[in-house]
Amino acid sequence: MSILNVNILPCLSDNYSYIIHDKSFNKVIAIDPPVVKPITNFLKKFNLKLDFILCTHHHADHVDGNLELKKIFDCKVIGFEQDSSRIPGIDIKLKNHEIWKFGDETVKIEHAPGHTNGHVFYHFQKNKLAFVGDIVFPMGCGRIFEGSTKEMYESVVKIKNLSNDTTIYSGHEYTISNSKFFLKFDKNNIKLFERSKKILSLRKDNKPTIPTTVQLEKDTNIFFRCEEQDIKNSINMKNASSEEVFAKLRELKDNF
Ligand code: ZN
Ligand code: FE
């Protein structure tokens, strides 16, 4: 199996695009490019060409680089079939659960609505990587724009159900504001305090707090911890279901 090289490219004010390079297969993927310059600068520096663009969802801050990059590199744009009318330049339309081969890696596309109706994430099964766009962030989850709270909850659970050692790459740097919010409601969580300290020092040096892992989110992301009695008590929802707790937390975070 070839080990994939993942490079984090900060774009716009707080977006992340990613360049994935398979050295033995010599092919390159960009994930969610909102702009062109950071991508072309990086590729030029390492003398690479772009072969594929993978899109998690249709928002401008994830797809606005597609058409120009296609013009430059003649690369193929890949996205969810069900949302293909909203993905600029789409060439390869994948169905839910379909597997797309990248060298010897198998990339599974998973529908995970809530932030948008057509949101997907890409699971690189052998390398154990998940590119999740705006579904899950370190210590947070995406806002619900098009879907229902139930859909968003189920989408977060899909990511939570990946193996604990899966590495998660999200679409934005929102970690500091997330940690401030959750420290209010998850006061007894020592791991959360420790992580918050680490995050502040990373951000002070302008370093990304991405990637994270499923295990780390299980330990410190309140949206992964809705079934815990401690959390339920802290929002006075002692007997509520995990999904109800999730809905309440999302609402509190929206108004934070
Ligand atoms: Zn978005
Ligand atoms: Fe976004």
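# Two metals, some cysteines and a few hollows

The zinc ion (ligand 1) takes its protein donors from His57 (NE2), His59 (ND1), His115 (NE2) and Asp134 (OD), at 2.2 to 2.3 Å. Keep in mind as you work that this is a predicted model.

## Exercise 1: the zinc site

Work out which arrangement the 4 donor atoms make around the zinc ion (ligand 1), and which parts of the chain they link.

**Solution.**

Step 1. Start with the angles: the 4 donor atoms around the zinc ion (ligand 1) subtend 87 to 174°. Four donors count as tetrahedral only if all angles lie between 85 and 135 degrees. The range of 87 to 174° makes this arrangement irregular.

Step 2. Now go along the chain. The zinc donors follow the spacing H-x1-H-x55-H-x18-D. His57 sits in the loop between β4 (52-54) and α2, while His115 sits in the loop between β8 (105-111) and β9 (120-124). These two are 58 residues apart, so the pair links distant parts of the chain.

Step 3. Are His57 and His115 buried or exposed? Both of them are buried.

## Exercise 2: the iron site and the shared residue

List the protein donors of the iron ion (ligand 2), then find the residue that coordinates both metals.

**Solution.**

Step 1. Asp61 (OD), His62 (NE2), Asp134 (OD) and His172 (NE2) are the protein donors here, and they lie 2.1 to 2.5 Å from the iron ion (ligand 2).

Step 2. Check the geometry. Angles among the 4 donor atoms run from 82 to 171°, and the iron site is irregular.

Step 3. Look for the overlap. Asp134 bridges the zinc ion (ligand 1) and the iron ion (ligand 2), and the two ions are 3.0 Å apart.

Step 4. Read the spacing of the iron donors along the chain: D-H-x71-D-x37-H. Asp61 belongs to helix α2 (residues 60-63), and Asp134 to the loop between β10 (129-133) and β11 (136-137). That puts them 73 residues apart in sequence, so the pair ties those parts together.

Step 5. How does Asp134 count, as buried or exposed? The cut-off for buried is under 20% relative accessible area. Asp134 has 4% relative accessibility, so buried is the answer.

## Exercise 3: the cysteines

Find how many disulfides the structure holds, and use Cys11 and Cys226 to check.

**Solution.**

Step 1. The count is 0 disulfides.

Step 2. Take Cys11: the nearest cysteine sulfur belongs to Cys55 and is 13 Å away, and Cys11 is in no disulfide. With 2% relative accessibility, Cys11 counts as buried.

Step 3. Take Cys226. The closest cysteine sulfur is in Cys141, at 8.4 Å, which is too far for a bond. Cys226 counts as buried as well, at 1% relative accessibility.

## Exercise 4: the pockets

Describe the largest pocket and the second largest pocket by volume, lining and class of residue.

**Solution.**

Step 1. The largest pocket has a volume of about 230 Å³. Its lining has 16 residues, and Phe137, Cys141, Arg143, Tyr174 and Arg250 are the ones nearest its centre.

Step 2. Which elements each supply at least two residues of this lining? They are β12 (140-141), α5 (175-185) and α9 (242-254). By class, the lining of the largest pocket splits into 4 nonpolar, 7 polar and 5 charged residues.

Step 3. Move to the second largest pocket, with a volume of about 180 Å³. Among the residues that line it are Lys191, Glu194, Arg195 and Thr220.

Step 4. Both α6 (190-204) and α7 (214-220) supply at least two residues of the second lining, and α6 gives the most, with 6 residues. The classes here are 4 nonpolar, 3 polar and 4 charged.

## Exercise 5: the cavity

Find how many cavities of 30 Å³ or more there are, and say what lines the largest.

**Solution.**

Step 1. The count is 1 cavity of 30 Å³ or more, and the largest cavity holds about 30 Å³ of space.

Step 2. Its lining is made up of Tyr16, Tyr18, Ile31, Asp32, Phe131, Val132, Gly133, Tyr169, Ser170 and Gly171. The elements giving two or more residues are β2 (15-22), β10 and β13 (167-170).

Step 3. β10 gives the most to the cavity lining, with 3 residues. By class, the lining of the largest cavity has 6 nonpolar, 3 polar and 1 charged residues.

Conventions:
Residues numbered from 1 in each chain as written. Chains lettered and ligands numbered in written order. Predicted model: local features only at pLDDT ≥ 70, side-chain atom pairs only at ≥ 80, totals over all residues. Heavy atoms only, no water. 1 Å grid on protein atoms, 1.4 Å probe; cavity = no way out; pocket = protein on both sides within 12 Å on 5 of 7 lines; lining within 4 Å. Points joined across faces, edges and corners; volume = space filled by probe spheres on them. Nonpolar A, V, L, I, M, F, W, Y, C, P; charged D, E, K, R; others polar. Donors = N, O, S within 2.8 Å, 3.2 Å for Na, K, Ca; no water. Tetrahedral: all angles 85-135°; square planar, octahedral: opposite > 155°, others 65-115°. Buried < 20%, exposed > 50% of the residue type's maximum accessible area, 1.4 Å probe, protein only. Disulfide = S-S within 2.5 Å.
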